[in-house]
Each structure stands twice: as C-alpha cells, then as structure tokens.
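Let's walk through this one together, starting with a helix and then turning to some backbone angles. Have the structure open as you read.

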Amino acid sequence: MTALVVKLGGSFAGDARLDAWGVALAAAARPLVIVPGGGPFADAVRGAQGAMGYSERAAHRMAILAMAQYGEALADRFRLPLVAAETAIATLRGAAVWSPLATALDDPHLPASWELTSDSIAAWLAARIGAAGLVLVKQAAPRAVRTAQDATAADLTDALFPAYAERLSCPVFIAGPEGVAEIAALAAGAGTGGPGRARLESAPPLRRAVGWRSRRRRRAGAGR
C-alpha cells in the first residue's frame, strides 16, 4: 500500500491542538508520512537573512534544515520514527515523520526562493513516491476552495503549489484545524470528504495561468 502524505504546518508549533493531530496521525493503520513545516526555525532563517545578507540559495538550504529540525521535534513528541529515503517510505506499515535532508536539500526541481514552502515540497514528495493522497493541514478552514488555484488565491498555499499539485494523480485535501477526526478517518482508509476538509479538483497549473512567480508577499510564519 502506498503512503498517504500529510503536511503538518509549522504554525502548529506551540499550538494546543498539536497533540490532537499527533495522536490522530500516529494511530494511522496505513503507511503515512508526515511532512513537517518549518515553523519558528524557518522564521529564524527568514528574520536573519536581512541582517546577515546571505543568498537565496543559502536561505533555501537553511529553510530545508529548518523543516528537518521541526521534523525532529515532531518525531520526538509523537514518538514516531524518522524516514528520509524513499526506499524506507516504501516499507512503512504505519506513520512516520519525513526528514527532507536526503532528497530535498539540493534537488534542482525545488527553486531557491521563499515562494516555495513545505506545501509545494509535500506535493513534490507525493509525486516522487506515487502517494495514495496528499493532505495539507492548515490553521484556517478551507472554505469555498475547490482547486489548487483557489487554495493559492485564498493564501492557504504558496504560489508554486498548483504547478506541483498538477503533477499528482492522487487526491489532494486541505484540512482545517477542526478536521482532526476526518483526517484520522482518512488515515484509516474511510471517508472522502466533509466539513472539516476540502478535496481539490484538477485545474490547469498556475504557471500557465499567471506565471511561475507570485507578486504576493508570503506571511511571516506561513512559509516552509
């Protein structure tokens, strides 16, 4: 059975609901890979870039390291194993936390830009492993969101996400903070939709519609 990829955003670091998500995801009866956001670790990289003057490439690599740090924290808190190699993901029987260091740090398909966040990296990983599905766990409820373009327009995902999502053959879901029970059911192989999450429909990739780069400034804390 192929893994379900669940991106758990860094905005949940220190949130009272983090443990509820940890319990729900750790109890998965199927292969499940948690992709960590960057959280306060990525915020520190962003905040120091202006003062220290390091390049976008250096910031990109440091933000991937930030995801790895948040992943270490999640794995420890949820008492889950860390996986890095895709061969290890293929042998999973339950939940694990993904470390991006082995595959994402220098991959040329991931641009060195703050426009890239862990949402797109999760979609990139899901495409690489042929995931059974992709779930993005968000602080905001996914209201009136039907496509990846809608998600980007609502500022739920980064501007590059639709292009990465378009490469997927699996369903893509966005879950709000109240969607814990529904995602737990999805992880158990039940359910296809509900008020706590939105299943995205296919749509033309963003790069064909408005270009690869976004003019919108990402919110602090929303990236990676």
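What follows is a short tour of a helix, a surface patch and two loops.

A quick word on the ground rules: this is a predicted model, where local features need pLDDT of at least 70 and side-chain atom pairs count only at pLDDT 80 or more, while totals for chains, interfaces and linings use all residues. Residues are numbered from 1 along each chain as its sequence is written, and side-chain values use heavy atoms, with hydrogens and water left out.

Start with α3, one of the helices (DSSP runs of H or I, at least four residues, numbered from the N terminus). The helix α3 has 23 residues and reaches 32 Å from its first C-alpha to its last, close to the 33 Å expected at 1.5 Å a residue; that expectation is 1.5 Å times one less than the number of residues. Its buried residues include A59, H60, A63, A66, M67, Y70, L74 and F78. Buried here means under 20% relative accessible area, exposed over 50%, and partly exposed in between (1.4 Å probe, protein chains only). An α-helix has 3.6 residues a turn, so residues three or four places apart point the same way.

L65 also sits in α3, but is partly exposed at 39% relative accessible area. Together with M62 and L101, L65 forms a nonpolar patch on the surface.

Now, the backbone. Most residues other than glycine have a negative phi. Just after α3, though, R79 takes a positive phi of about 55°. R79 lies in the loop between α3 (56-78) and β3 (82-83), and is exposed at 75% relative accessibility. D155 also has a positive phi, near 65°. It belongs to the loop between α6 (148-153) and α7 (161-165), but D155 is buried, at 17%.

Key: Helices (H or I, at least four residues) and strands (E, at least two) are DSSP runs, numbered from the N terminus. Patches are made of residues with over 30% relative accessible area and no salt bridge: like charges are joined within 9 Å, nonpolar side chains (Val, Leu, Ile, Met, Phe, Trp, Tyr) within 5 Å. Accessible areas come from the Shrake-Rupley method with a 1.4 Å probe; for residues, only the protein chains shown count as cover. A salt bridge is a side-chain nitrogen of Lys or Arg within 4 Å of a carboxyl oxygen of Asp or Glu.
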